[in-house]
Amino acid sequence: MPLRLFNTLTGQIDTLVPQPGLAPGPALRMYACGPTVYDYGHIGNFRTFLQIDVLRRTLLLLGIPVRHVMNITDVDDKIIHNAQAAGISIGQYTAPFERAFLEDLDALRVQHPEQLARATEHIDRMVQLVQQLAQVGAAYQTEDGSWYFRLASFPAYGQLSKKDFAGMEDGARVDVDEYEKDSARDFALWKAAKPGETSWDTPIGRGRPGWHIECSAMSMEYLGDTFDLHAGGEDLIFPHHENEIAQSESVTHKPLARHWMHVRFLLVDGRKMSKSEGNFYTLRDLLLKGYKASAIRLALISVPYRHQHNFTFDGLVEATAAIERLRTFHQRLTQATLAPGSNPDLQAAAAQAHQTYIDALSNDLNTAEARAPIFDLVRAANTALDRANTDPARLLADDRAPILAVLAAFDAVFDVLTDTDADATRRALAWARETSRLDDVAPSVLALDAFTDQAIDALVAERTQAKRQRNFARADQIRNQLAENGVLIEDSKDGVRWKRK
RNA sequence: GGCGCGGUACCCAAGUGGUAAGGGAGAGGUCUGCAAAACCUUUAUGCGCCGGUUCGAUCCCGGCCCGCGCCUCCA
């Protein structure tokens, strides 16, 4: 089944399929704008990366292989400034943030792209692109040695953002540092080195790349002149992606990407997230407050990517409950002792749920709609599991696999059934210890270290033994002790389950 | 000012020209040593307001009100 996805370039929903023949290999070639590693990632960043993960995983689920490239922008004004202030090299400055970013992706179970591309490792390719642009008259050098893109040379400018620059006023001086530009909107391709700043000595002069050039250079390097999909946050439509198009297409005279996907911004408590509003959260902030990585993942992907998502703590609590329902069911179904045979109603329900699920995702990644049939199936199966052994409507042995297969398809995209939350939170806790950020850590997070999985298993076993001996006082004592440390016990006819709250 | 998006039950949130998915929360019940889980019942004659088109509109059109985003660094 093909994926129908809104395309910013055409302004409509288009079918996204790999176009063969443009580059080697059968995969769908996608480039997603990654982070500028000057700080820890916040939940707004991660909404975008999570939604791109939903796209990637949906493509894979639909049987479309992907070649996914993401840039790491490890040189820009802010990085240079901050590194200088700290008295270290930009590499020393960015390395911990890049590592933290990749760790955060892991915590959120975001799949890594096939290729990570660091800006500082592709300076040559960027210089080459500037030279090519100069050759076709689309780039010019100013007296200070900087290079700019000549917008007047690219009439199609504005096609992505639907902006009309025809009546644009030339000559307006907007930036005092860039007084030599031919036109106010001309943007920097290469910035001449200022004293003491990080710079590279190159054939086009000593300096450093402008903001947009790295994505043009690296996307074409790894994916060819034209690739299938370019994705990023909605803020990148203009000017970043518009500028990428101008830079690349001026040289290649071919479309840079056929399909453009943009993820809408997140609001927090109804406002755009910003440090000054006091509603700014990094992933690490939330983990240390005791919210689970899986709940953050589910919350951030459950509102479809084109909708404005209002992020709230209530939403995280709700996502936590939803995940528990799914995990409890998954465990129950896996462990259940079942009589042989199959129940046609459940077989049909599983097939129906699977189809509805796939249809929803295929429809512009409608994650909200995709969740519904999964929960419908969970209820139907739970009901059947509750029925007596003699009831013909009960769940039978051959019903297990098809229902688990639907859950697997769900998890192929949503990926919340496997509980790796404690690990993610422990890593955040270790980081907080190393960097002396223990002030706001929730007690439940600190308790993670006191009760390891092994310790819990041992106590649960002891309690089961006590129950067998009908020593309910001791059994309840253990249950309370665990509960006080955020561990819940559930008895069932198929054994004892426990989970961290 | 220009461009764009949204207003659906207590909360979050899909959706369709034919009579409102799903999740969370609340209430009552079943089950259970107790609890948890699970299941059942229950919470929108209603989808911002006013007109229009239609046999019929929450969904289409027009107007209005409210909220939000982008247009500058930003995912």
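**Entry 1: second largest pocket**

I looked up which element gives the most to the lining of the second largest pocket, and found helix 9, with seven residues. The model I am reading is predicted. I then listed the elements that each supply at least two lining residues of this pocket: helix 8 (293-302), helix 9 (313-335), helix 13 (421-434), helix 14 (443-446) and strand 17 (495-500). The lining comprises 35 residues in total, and K292, D419, W498, K499 and R500 lie nearest the centre of the pocket. I recorded a volume of about 680 Å³ for the second largest pocket. Sorted by class, its lining holds 13 charged, twelve polar and ten nonpolar residues.

**Entry 2: domains**

I consulted the domain assignment of chain A, which gives domain 1 as 3-7 + 26-263, domain 2 as 271-413 and domain 3 as 421-500. Where does the second largest pocket lie with respect to domain 2 and domain 3? Both domains give residues to its lining, so I place the pocket between them. I also noted the separation of domain 1 and domain 3: their centres, taken over C-alpha atoms, are 46 Å apart.

**Entry 3: surface near RNA strand B**

I next turned to the nucleic acid. I found 51 residues surrounding RNA strand B, the closest being W211, R271, K272, H307 and R479. By class, I noted 23 charged, 15 nonpolar and 13 polar residues on the surface near the strand. Helix 11 (residues 367-386) provides the largest share of this surface, with ten residues.

Which parts of the strand are within 4 Å of the protein? Of the atoms of RNA strand B within that distance, 67% belong to sugar or phosphate, and the rest belong to bases.

**Entry 4: individual contacts to RNA strand B**

I looked up three contacts in detail. For L266, a backbone N or O atom lies 3.1 Å from a base nitrogen of RNA strand B. For E318, a polar side-chain atom lies 2.8 Å from a base nitrogen of the strand. For D386, a polar side-chain atom lies 2.6 Å from a sugar or linking oxygen of the strand. I noted that D386 falls within the bounds of helix 11 (residues 367-386).

**Entry 5: cavities**

I counted four cavities of 30 Å³ or more. The largest cavity has a volume of about 70 Å³. Its lining consists of A32, F49, I52, D53, H68, M70, L105, V110, Q111 and P113. Two elements give two or more residues to this lining, namely helix 1 (43-61) and strand 4 (66-72). Helix 1 has the largest share, three residues. By class, I recorded seven nonpolar, two polar and one charged residues in the lining of the largest cavity.

**Entry 6: aromatic pairs**

I found 17 aromatic pairs in the structure. How are the rings of F46 and F101 arranged? Their centres are 6.0 Å apart and their planes stand at 15 degrees, so I entered the pair as stacked. I then checked where the two residues sit. F46 belongs to helix 1 and F101 to helix 3 (residues 90-107), so the pair ties together parts that are 55 residues apart in sequence. Helix 1 thus appears in two of my entries, as it also gives the largest share of the lining of the largest cavity.

Notes: Residues are numbered from 1 along each chain as its sequence is written. Chains are lettered from A and ligands numbered from 1 in the order in which they are written. This is a predicted model: local features need pLDDT of at least 70, side-chain atom pairs count only at pLDDT 80 or more; totals for chains, interfaces and linings use all residues. Side-chain values use heavy atoms; hydrogens and water are left out. A residue is near a molecule or strand if one of its heavy atoms lies within 4 Å of it. A polar contact is a pair of N or O atoms within 3.5 Å; within protein, one must be able to donate a hydrogen and the other to accept it, and residues adjacent in sequence count only if both atoms are side-chain atoms. Helices (H or I, at least four residues) and strands (E, at least two) are DSSP runs, numbered from the N terminus. Ala, Val, Leu, Ile, Met, Phe, Trp, Tyr, Cys and Pro count as nonpolar, Asp, Glu, Lys and Arg as charged, and the others, Gly among them, as polar. On a 1 Å grid over the protein atoms alone, a cavity is a set of points where a 1.4 Å probe fits but cannot get out, and a pocket is an open set with protein on both sides within 12 Å along at least five of seven lines; lining residues have an atom within 4 Å of a point. Grid points are joined across faces, edges and corners, and a volume is the space filled by probe spheres set on the points. Domain bounds come from an automatic or database domain assignment. Rings of Phe, Tyr and Trp (its six-membered ring) pair if their centres lie within 6.5 Å; planes under 30 degrees apart count as stacked, over 60 as edge-to-face and the rest as tilted.
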